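Me: I'm new to reading protein structures, and I'd like a close look at a single part. Could you pick one helix, walk me through it slowly, and then show me how other parts compare in kind?

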Amino acid sequence: MLNFKIISKVLGTLLMLLVLLLLVCLATGLFYGEREWMAFAIPAAVSFVLALMLKYFGRHAENKMSRRDGYFIVSASWLVFSIIGTLPFLLGTDMTRLSCAFFESMSGFTTTGASVYTDIDHLPHSILFWRSLSHWFGGMGIVFFTIAVLPQMGVGDLKLFSAEATGLKTGKVHPRISTTARWIWGLYVVMTIACSVALILAGMSPFDAINHSMATISTGGFSTHQDSVAYFQSPLIEYIEIIFMAASGINFTLLYLLVIKRRFREVWRDAEIRFYAGVLLFFTIYCAVCLYVVDGFGIEHSLRAAAFQVTSLGTTTGFTTKDFQEWHACTWVPLLFVSLMGACAGSTSGGMKCVRILTSWKMMANEFRQMLHPRAVIPVRLGYQTLGSSITQTIFAYFVAMFLLLSVAMVAMMCMGIPMLDSISLGVASFSNAGPSIGWYVGPLDSWDKLPDGVLWICSFLMLAGRLEIFSLLLPFVPAFWKER
């Protein structure tokens, strides 16, 4: 059975961190002289009281954690953070629909970036900062952050890390997982600061730059303006965003080896990063040619627009500079594909991850070879690594679960009156945590508030399922999870 005392202890610690985040936003509101400070004072008080209760219940907890405990903590922490995160939107703005407030909160923490607001430019600074901060905190992972700053959590670190970083392994830079977490979070902070400085030098205000850098490095996509990055009308800002979005889509372990250890050759030998770079380059050239030949864009404009949108959707960041649904329809499917694919495993991006697509391609190629040589033993190789049957089975199970989940969600949305194209795009944009949707009802620059409550709840569930890569979220619904070992 679950060890509820250790679960309460860890959740209490996580909620204390949420209190700090809310207080930072409260201070931001006071700094700008806003009256919406109660929108953060009340959630902070609720979080603080709940944290004290949980920590009191788990005060005598034995510092041992099972894998079930880890999976339950991860699912519960993301859900609790998103629920409490709805309060600032309900208390600090004119939002009255609970489904919209929860959707906005879930979109923030899962770094999806889809929004239900129709006039973002006039939101209070504190609310804008809360949206960006939820991106930044959720981008690297709620539990992963806790492991980094609270190494005393002890023997449960690896189980918590494994539960949140489901799927394929992201790699370790140190034998101790807490040290790995601190190194990666340090790199995360440095990249955020570097992006902020670059955007300020390019002409953004400090407030806009800080918010956009948090949304960029977390591959989130919340902007401080309704028109997203298009608001600034600056090619230089767009090029800076392209660079930092592309970098944020790389496995942070590889980024550590590249930036800190300067192991350029070792990083480039990684099969996934080569595939990731190749996909972005191929679809950028494809879309640029379409824009130049069909839509009449200039050479530089077509390359910049294509590179920005392909990188933004390919890393599931979700920033926009154009309503790309106005582009020729031949660009829609490639953009939908890269948004579903996502970037590298171990990055802040969502989607299926490049490594799964590449491995599936290798498995398919091996199947043809096996048909020609039935008696041959042909292992699946990814670079210099031979993949065992357990990894290939996990990838197959992931694709089946994703297909079933998206199919059910899309049918449900169509039953609620959403057109088929929109249902497909909304499902993909939510599950891949990409944000912008391609559809007639909800387009890339449209607000999602026009969707019915039922559709918003479905999309919120898909966001969390995609962020936790399905199995961590669905595991507590399996009856065997609650039975004795």
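Reply: Let's start with the residues of helix α4 that are buried: Ser99, Cys100, Ala101, Phe102, Phe103, Glu104, Ser105, Met106, Ser107, Gly108 and Phe109. Keep in mind that you are looking at a predicted model. That list covers 11 of the 12 residues of α4, so the helix is largely enclosed by the rest of the structure.

You can also check the length of this helix yourself. Helix α4 runs over residues 98–109, and at 1.5 Å a residue its 12 residues should span 16 Å. The end C-alpha atoms are 17 Å apart, which agrees with that expectation. Just past the helix, look for threonine 111: α4 is followed by this residue, and its phi is positive, near 60°.

Now zoom in on one member of the helix, phenylalanine 103. Its relative accessible area is 0%, so it counts as buried, the cut-off being under 20%. What does its ring pair with, and how are the two planes set? To describe such a pair, one gives the distance of the centres and the angle of the planes. The ring of phenylalanine 103 and that of tryptophan 448 have centres 5.3 Å apart, with planes at 35°, so the pair is tilted. Phenylalanine 103 lies in helix α4, whereas tryptophan 448 lies in the loop between α18 (420–431) and α19 (453–467), so the pair ties together parts that are 345 residues apart in sequence. Tryptophan 448 is buried too, with a relative accessible area of 2%.

Another residue of α4 takes part in an aromatic group. Phe109, one of the buried residues of the helix, belongs to an aromatic cluster with Phe40, Phe81, Trp130 and Phe137.

Stepping back, a search of the whole structure finds 19 aromatic pairs. One of them, formed by phenylalanine 31 and tyrosine 32, is edge-to-face, with 5.1 Å from centre to centre and 85° between the planes. Phenylalanine 31 counts as exposed, at 67% relative accessibility, while tyrosine 32 is partly exposed, with a relative accessible area of 35%. Set that beside the pair of phenylalanine 103 and tryptophan 448, which is tilted.

Next, some residues that share a feature with threonine 111. Where else can you find a positive phi in a residue other than glycine? Threonine 316 has one, with phi near 60°. Threonine 316 sits in the loop between α14 and α15 (332–341), and it is buried, with a relative accessible area of 0%. Glutamate 469 is another non-glycine residue with a positive phi, about 55°. Glutamate 469 belongs to the loop between α19 and α20 (471–474) and counts as buried at 8% relative accessibility.

From one helix, let's go on to two that pack together. Two packed helices are described by the angle between their axes and the distance between the axes. Helix α9 (residues 206–217) and helix α10 (residues 235–248) pack at about 35°, and their axes are 8 Å apart. On the α9 side, His212, Thr216 and Ile217 make the contact, meeting Glu241, Phe244, Met245 and Ser248 of α10. Sorted by class, this contact has 3 nonpolar, 3 polar and 1 charged residues.

What about the cysteines? The count of disulfides, taken as cysteine sulfur atoms within 2.5 Å of each other, comes to 0. Cysteine 330 is in no disulfide, and the nearest cysteine sulfur, belonging to cysteine 290, is 3.3 Å away. For cysteine 415, also in no disulfide, the nearest cysteine sulfur is that of cysteine 459, 14 Å away. Cysteine 330 is partly exposed, with a relative accessible area of 25%, whereas cysteine 415 is exposed at 67%.

One last stop is valine 294, in the loop between α13 and α14 (299–314). Valine 294 is partly exposed, with a relative accessible area of 43%. Leaving aside neighbours within four places in sequence, valine 294 is in contact with Val289 and His328. Its C-alpha atom is separated by 41 Å from that of tryptophan 130, a residue 164 places away along the chain. Tryptophan 130 brings us back to our helix, as it belongs to the aromatic cluster that includes Phe109.

Technical notes
Residues numbered from 1 in each chain as written. Predicted model: local features only at pLDDT ≥ 70, side-chain atom pairs only at ≥ 80, totals over all residues. Heavy atoms only, no water. Helix = DSSP H or I, 4+ residues; strand = E, 2+ residues; numbered from the N terminus. Expected span 1.5 Å × (residues − 1). Buried < 20%, exposed > 50% of the residue type's maximum accessible area, 1.4 Å probe, protein only. Axes fitted to C-alpha atoms, helices over the stretch in contact; angles between N-to-C directions. Contact = heavy atoms within 4.5 Å. Nonpolar A, V, L, I, M, F, W, Y, C, P; charged D, E, K, R; others polar. Phe/Tyr/Trp six-rings, centres within 6.5 Å; stacked < 30°, edge-to-face > 60°.
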